[in-house]
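Got your viewer open? Let's take a short walk through this model, one selection at a time.

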Amino acid sequence: MRTGNEPLTARSPLRMRFWLSLSGLFWAAGGTAVFALAGHPGWALACGLLLLVVLADLIVVRRRIRQGPRFQPGRDVPPYPPGHGPNVLLEQGRERKRDLARQRSNRRGIGVDRGARGSRH
């Protein structure tokens, strides 16, 4: 069962992908036109297929941008519970790492009275 917050640190650069798709759309359309006018139907077909792929990607990216950052993919997927979104979970992970580091340093004797353990001079 999904909780709606995995993977925890995943980010999608949708705006960058949008602009790259727009430039790909421009170049694929230009390539299709140039190769068609130059009499190279194979290359024109290849650029036309690439144009369709880029157009489909552009549509998907635009749709995901409009859905927003809190989009949940279905009715069976619960939304983020209050106070348990990705930022809260990231902070809890940082606190956990700090606690583990403190425990390791205490096991090594850092910050512990060395007089009780014997002299190491």
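**Start with the salt bridges**

Two salt bridges turn up in this model, a salt bridge being a side-chain nitrogen of Lys or Arg within 4 Å of a carboxyl oxygen of Asp or Glu. Before you click on them, a word on ground rules. This is a predicted model, so local features need pLDDT of at least 70 and side-chain atom pairs count only at pLDDT 80 or more, while totals for chains, interfaces and linings use all residues. Residues are numbered from 1 along each chain as its sequence is written, and side-chain values use heavy atoms, with hydrogens and water left out.

**Stop one: the whole chain**

Show the chain as a cartoon. You should find three helices and zero strands; these are DSSP runs, numbered from the N terminus (helices: H or I, at least four residues; strands: E, at least two). From the N terminus on, the order reads α-α-α. Now switch on the surface: about 9800 Å² is exposed, and carbon and sulfur atoms supply 63% of it (Shrake-Rupley method, 1.4 Å probe; for residues, only the protein chains shown count as cover). Of the 121 residues, 18% count as buried, where buried means under 20% relative accessible area, exposed over 50%, and partly exposed in between (1.4 Å probe, protein chains only).

**Stop two: Arg 17 and Asp 57**

Select Arg 17, which sits in helix H1 (residues 14–38). Which residue does Arg 17 form a salt bridge with? Add Asp 57 to your selection: the closest N and O atoms are 2.6 Å apart. Arg 17 lies in helix H1 and Asp 57 in helix H2 (residues 41–67), so this pair ties together parts that are 40 residues apart in sequence. Their C-alpha atoms are 8.8 Å apart in space.

Next, look at who else is around. Leaving aside residues up to four places away in sequence, Arg 17 touches Asp 57, Val 60, Val 61 and Arg 64, with contact meaning heavy atoms within 4.5 Å. Buried or exposed? Arg 17 is partly exposed at a relative accessible area of 28%, and Asp 57 is partly exposed too, at 22%.

**Stop three: Arg 102 and Asp 99**

Now jump to helix H3 (residues 86–107), where you can pick both Arg 102 and Asp 99. Their side chains meet in a salt bridge, 2.8 Å from N to O. The two are three residues apart, about one turn of the helix. Arg 102 is partly exposed, with a relative accessible area of 48%, and Asp 99 is partly exposed at 35%.
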